[in-house]
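Thanks for coming, everyone. I'll put the structure up and walk through it in a few minutes.

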Amino acid sequence: MNLAGTINTRTLPLLVTSVLFALLFGFGSVSYDNFFSVQVFLNLLIDNAFVAVVAIGMTFVILTGGIDLSVGSIVALTTMVTAALVEQQHWSIWVVVPLVLAIGSLFGLLMGSLIHYFRMQPFIVTLGGMFLARGLCYVISIDSIAITDPTYAAISEYRISFGEEAFLSVSAIISLLTLALAIFLAQYTRFGRTVYAIGGNERSALLMGLPVGRTKILVYTLSGFCSALGGVLVTFYMLSGYGLHALGLEMDAIAAAVIGGTLLTGGVGYVAGSLVGVMILGVIQSLIAFDGSLSSWWTRIAIGVLLCAFCLMQRLLEQGGSNLGAIFSYWKKPAEGSAPAR
Amino acid sequence: MKNTLSQLTRSHLFWPCVTLVLLCLANVYFNPGFFDIEVKDGHLYGSVIDILNRAAPLMLIAMGMTLVIATRGIDISVGATVAIAGAVVAALIGGSLVIKDGVQTYVSNVPMPLAIVAALAVALLCGLWNGLLVAGAGMQPIVATLILMVAGRGVAQLITEGQIVTVYYEPFFFIGNGFIFGIPVSLYIVAVVLAVLLLLTKRTALGLFIESVGINPVASRFSGISARALVFWVYAFCAVTAGIAALIITSNVKSADANNAGLLLELDAILAVALGGTSLAGGRFYLIGTLIGALIIQTLTYAIYSLGVPPEINMVVKAIVVFGVCLIQSPALRDLLMKHAFRTGGTA
C-alpha cells in the first residue's frame, strides 16, 4: 500500500493525533516509573469509558455540522433518574437501564425535531436542553443519592482479566462495543453516508434525495442515546446520582472530537478518532497525576492549548489542501471570506 | 387608534416589555411590597433597586454580546474572562492589615486604579485573542471562543493559585456596593457604557457597519467596510465589558472564585440578547432590548427566589423561556401560524 497516498487532508489530523498520543505516552514512560504498563493504558479506557461513549455520539452530531451542548446534563439526569428509581423505588436494574436509555433518546429526538422542523440553531436548542436536563436533576433531588444496590456494586467491581496483571471493567467493554457499532454505522450503512453527505453540503444532500430531515433528527436522537448510555456508565463508575455529575462534559466531548480529527464544519472525521481524542485527554490527566507537583487546573489549560492547535491546523488544511506549501503561503495571501459564518 | 396599536405591537421593544411587565405583575401578586422603595442610610432600598443592581454585570456583558451576535458571531468565553479579570483584580489588590497611627486599616498591594486598569487590560487581551482567532484565522466563533472557555478557568486558577482570593481593601467595595445620590454605582457604569455605545452606533456609521457585516459579510466587504477589523474589535469590546462586569462582581462579593465566578454567565448573556429581540443569525441589533432582556432574567430569578421554590429549579424555567423565545423567533413557526390563520380566515 502506498503510504503517502493514504495521507491526505482527511486522515492527516487523525495521524497527527495518534502520533501525539504515542509521544505523550512515551514521554510518560520515560519520565515516570511504573507509567509504562499495560494497565496504565487500560486504565485510560476504564476511567474515560463514559467520556468516550458521549464523544462518539457528539462526533455524529458534529459530522452533520451541528453541535450538542446538552450531553453533560443528560448524563447527570440519567444518573439522577437511575439513583432515584433504584434506591427510592427499588426497581430492578433491568428495567431502569432501558428506561433511562429511552429517556435520553427521547430527549435527543425532541431537540432534533425542534432543530429540523423549526429551523432553530442546534447551539441554542441544545443549550435549552442543557438547562432543562440539569434543572430536572434538581427537581428530583438537590443532593447526591448513593446507589447501594448489590447488582450495581457487582457490575461496578467486576473485572475482566487479560493475562497476569491487566484487566478491564464492564464500562470499558461497553464503550469499546459502542465504538465498534458506531464505526459500522458511520462507514458501512446508508445512515452513515447520509450523515457525511449532510455535513459536506446539506443542500446538495437534499437535492440528491437523501433523507436529510430524518437523518438530522436521528443524529440528535443517537447523541441523546449515547449520553444516556454514558450516564449509565457513570452510575457504574461513581455509584451515585448527582445533579453536578459531568459538569462541562460537553466541552470535553467536543474537544475530543476536534482533537480526534473531526472538522467542526462537518463532513470530515472518523468516529475512531474521537476515542483517540478521549485517550489524549486521559493521558494528559495521567501525566499530571503522575507528576504530582502540577495542579489539576493545568489539565484545562493543556486541553485548551491542544484544542487551539488542532483548530488552527484544521483551518490551514481547509485553506491549503494537502499541499504544505499552501499552508505556509496562507499568511501572505490576502484575506478571503473574512467574516466567518457560524 | 388601531393604527397606533399595531405600530406599538410591531415595535421590537413591545414583546420584551410585555414580558417584563407580566413578570413584575406576577411579583406584585406574590409580594405586594415589590415596588416599594424606601430611603435607608441615605440610599434607595427595595426589590426593584436590588434587581437593577444585581442585573448590572449581566446587562454589561449582554451589551457586548449584542454587538458580537450582530456580526453573526457568538462569544461563549465571557464567563471565563470574568473569572480571569476577577482573579487579576483580587490578586493585585488583595489587601493586608496594617496598624497606622494606632488604627487598624487595610491597604492594597498595588494602587487600586492600577489594579483596575490591569484587570481591564487582561480582559482586553482575552478579547484580542478571540478576535485574532475569529477574524484573523477565520475560525467559527463558537469554536474560537470555546478554546478560551476551556482554558480560561485554568488560567484564572493559576492566578489565584487554586484558592478563593478575598479582598480586604475598603475603597474597592464601592464599585459593587457603593451608592452615588442614593443609586447603586454599578447602574452609573451601565449607563455610561450604554451612552457610549448608543452614541457610537446611532450617531456614527459604526452601527450600520456592524449590522451590514452581520447581514452579508461578503457584500459589506465589497462595499468597502473592513469587516475583519470590525469583527476583531467587536470581540475585544465584548471582553472588556466582561472585564468591567468582573470588577462589579468581585467588588460585590469581596472575593474572586476562579471556579464559580461568572459560571454560565455566557448563556445568560446570550439569552438576554435573544429575549431583547436581536436575531441570533446576526444583523439588526437592539441594545435597549438587550437591557430589558437582562432585566427579565434577573426579575425571573427574583420571582423564583421570592416564591420559595428551590433556586436550582430556575434552570427548568430558563429552559422553557429559551425554547419559547426561539419558537417565537422561528420563521418556520410563524409561517405555520400564518397559514393556519389564513385558512381559518378563509373558511369563516
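Start with B:Arg54. B:Arg54 makes a salt bridge with B:Asp50, with 3.4 Å between the closest N and O atoms. This is a predicted model, so read every number as computed from that prediction. Both residues sit in helix H3 of chain B, residues 47-70. They are four residues apart, about one turn of the helix. Here is the general point: an α-helix has 3.6 residues a turn, so residues three or four places apart point the same way. On accessibility, B:Arg54 counts as exposed because its relative value is 52%, and the cut-off is over 50%. B:Asp50 is partly exposed, at 29%.

How many salt bridges does the rule count over all chains? Four. Let me take two others.

One is in chain B again. B:Glu211 pairs with B:Arg284, and the closest N and O atoms are 3.3 Å apart. B:Glu211 lies in helix H9 of chain B, residues 206-215. B:Arg284 lies in the loop between helix H12 (265-275) and helix H13 (287-307) of chain B. The two are 73 residues apart in sequence, so this pair ties together separate parts of the chain. Buried or exposed, for B:Glu211? B:Glu211 is buried, because 13% relative accessibility falls under the 20% cut-off. B:Arg284 counts as partly exposed, at 47%.

The other is in chain A. A:Lys216 forms a salt bridge with A:Glu202, and the closest N and O atoms are 3.2 Å apart. This pair also links distant parts of the chain. A:Lys216 is in helix H12 of chain A, residues 212-238. A:Glu202 is in helix H11 of chain A, residues 202-207. They are 14 residues apart. A:Lys216 is buried, with a relative accessible area of 16%. A:Glu202 is partly exposed, at 35%.

Now the interface. How many salt bridges are there between chain A and chain B? Zero. The polar contact rule also finds zero residue pairs across this interface, with both residues required to be at pLDDT 80 or more. Keep that confidence filter in mind. The elements that give two or more residues to chain A's side are helix H6 (93-117), helix H7 (122-140), helix H13 (249-259) and helix H15 (297-320) of chain A. Which one gives the largest share? H7(A), with 14 residues. By class, chain A's side has 33 nonpolar, eight polar and six charged residues. The contact takes 47 residues from chain A and 50 residues from chain B. Together the two chains bury about 4,500 Å², and 79% of that is on carbon and sulfur atoms.

One residue to look at there is A:Ile124. A:Ile124 is in helix H7 of chain A. Beyond its neighbours within four places in sequence, A:Ile124 is in contact with B:Ile270, B:Leu280, B:Val322 and B:Cys326. A:Ile124 counts as buried, because its relative accessibility is 5% and the cut-off is under 20%. For scale, the C-alpha atoms of A:Ile124 and A:Glu87 are separated by 34 Å, with the two residues 37 apart along the chain.

Next, the packing inside chain A. Two packed helices are described by the angle between their axes and the distance between the axes. Take helix H9 (residues 170-188) and helix H14 (residues 271-291) of chain A. Their axes come within 8 Å and cross at roughly 145 degrees. H9(A) brings A:Leu179, A:Ala182, A:Ile183 and A:Ala186 to the contact. H14(A) brings A:Val271, A:Ala272 and A:Leu275. The class count is seven nonpolar, no polar and no charged residues.

H9 and H14 come up again at helix H3 of chain A, residues 38-47. The buried residues of H3(A) are covered by elements including helix H2 (12-31), helix H4 (49-63), S3, H9, H12 and H14 of chain A. Among those buried residues are A:Leu42, A:Leu45 and A:Ile46.

That leads to strand S3 of chain A, residues 166-169, which holds A:Ser169. What does A:Ser169 touch, leaving out residues up to four places away in sequence? A:Ile46, A:Tyr158, A:Arg159 and A:Ile160. A:Ser169 is buried too, at 5% relative accessibility.

That's my tour. Questions, please.

Terms used
Residues numbered from 1 in each chain as written. Chains lettered and ligands numbered in written order. Predicted model: local features only at pLDDT ≥ 70, side-chain atom pairs only at ≥ 80, totals over all residues. Heavy atoms only, no water. Buried < 20%, exposed > 50% of the residue type's maximum accessible area, 1.4 Å probe, protein only. Contact = heavy atoms within 4.5 Å. Buried area = accessible area lost by both parts, 1.4 Å probe. Salt bridge = Lys/Arg side-chain N within 4 Å of Asp/Glu carboxyl O. Polar contact = N/O pair within 3.5 Å; in protein donor to acceptor, adjacent residues only side chain to side chain. Nonpolar A, V, L, I, M, F, W, Y, C, P; charged D, E, K, R; others polar. Axes fitted to C-alpha atoms, helices over the stretch in contact; angles between N-to-C directions.
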